[in-house]
Amino acid sequence: MPPSATPKPSYASHVYEVIRPSLVRVQALVSKTEEKTEVSLGTGVVIDDRGTILSSLHVVRDGVEVRVTFADGTETEAAVILRQPENDLAVLRPNVIPDDLVAATLTDSS
């Protein structure tokens, strides 16, 4: 490749651009005292047009309140509707979903 040529984007950066609109930030309030607030942070992915989110259980496990922030900035509380500890998975249902919600397209790993 000549020194002046711009390299192609990596496969990982292409995948990130495709999935980015479906990613959410997950924030779980673990405890709150007058002196200190403990929060657990993680990510999740929207998996259907109802706003169902797949995330990691260790992020929300001890949470007394769970909030999610969608790619467009919409922030809302969410409920943990399914826990699968053996796979560290949690399924979340947000109270509000954005109008421009984008669900990820999931396929099998083959």
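1. Strand S1 (residues 23–32) is joined to S4 by 5 bridges, and the two run antiparallel; strands here, like helices, are DSSP runs numbered from the N terminus (E, at least two residues, for strands; H or I, at least four, for helices), and two strands pair if DSSP finds at least two bridges between them. Within this pairing, Arg25 stands opposite Thr69 in S4. The model is a predicted one, in which local features need pLDDT of at least 70 and side-chain atom pairs count only at pLDDT 80 or more, while totals for chains, interfaces and linings use all residues. Residues are numbered from 1 along each chain as its sequence is written, and side-chain values use heavy atoms, with hydrogens and water left out.

2. The wider arrangement is a barrel, closed by 6 strands in the order S1-S2-S3-S6-S5-S4 with antiparallel pairing. From one strand to the next the twist averages 40°, where axes are lines fitted to C-alpha atoms (for helices over the stretch in contact) and angles run from 0 to 180 degrees between N-to-C directions.

3. Strand S2 (residues 37–46) is connected to S3 by 3 bridges in an antiparallel pairing, and Val46 has Ile53 as its bridge partner in S3. The two strands form a hairpin with 6 residues between them, and Gly51 in the turn has a positive phi of about 90°. S3 is also joined to S6, by 4 bridges and again antiparallel, with Leu54 opposite Val91 in S6.

4. In a regular strand the side chains alternate between the two faces of the sheet. Strand S3 (residues 53–56) shows this alternation, since Ile53 and Ser55 point to one face and are buried, whereas Leu54 and Ser56 point to the other and are not; buried means under 20% relative accessible area, exposed over 50%, and partly exposed in between (1.4 Å probe, protein chains only).

5. The largest nonpolar core (a set of buried Ala, Val, Leu, Ile, Met, Phe, Trp, Tyr and Cys residues joined through side-chain atoms within 4.5 Å) has 14 residues, and Val26, Ile53, Val60, Val66, Val68 and Leu92 are those with the most contacts inside it. At least two residues of this core come from each of S1, H2, S4 and S6. Leaving aside neighbours within four places in sequence, Val68 is in contact (heavy atoms within 4.5 Å) with residues including Val26, Ile53, Ala78 and Leu92, and also with Arg25 and Glu75.

6. The whole structure holds 6 salt bridges, each defined as a side-chain nitrogen of Lys or Arg within 4 Å of a carboxyl oxygen of Asp or Glu. One of them pairs Arg50 with Asp48 at 3.1 Å, N to O; Arg50 is exposed, with a relative accessible area of 54%, whereas Asp48 counts as buried at 17%.

7. Asp88 and Arg61 form another salt bridge, at 4.0 Å, N to O. This pair links distant parts of the chain, 27 residues apart, with Asp88 in the loop between strands S5 (75–84) and S6 (89–94) and Arg61 in the loop between helix H2 (57–60) and strand S4 (65–69). Asp88 is partly exposed at 24% relative accessible area, and Arg61 is partly exposed at 41%.

8. Arg67 and Glu77 meet in a salt bridge at 3.9 Å, N to O. Arg67 lies in strand S4 and Glu77 in strand S5, so the pair ties together parts that are 10 residues apart in sequence. Salt bridges that share partners join Glu65, Arg67, Glu75 and Glu77 into one network.
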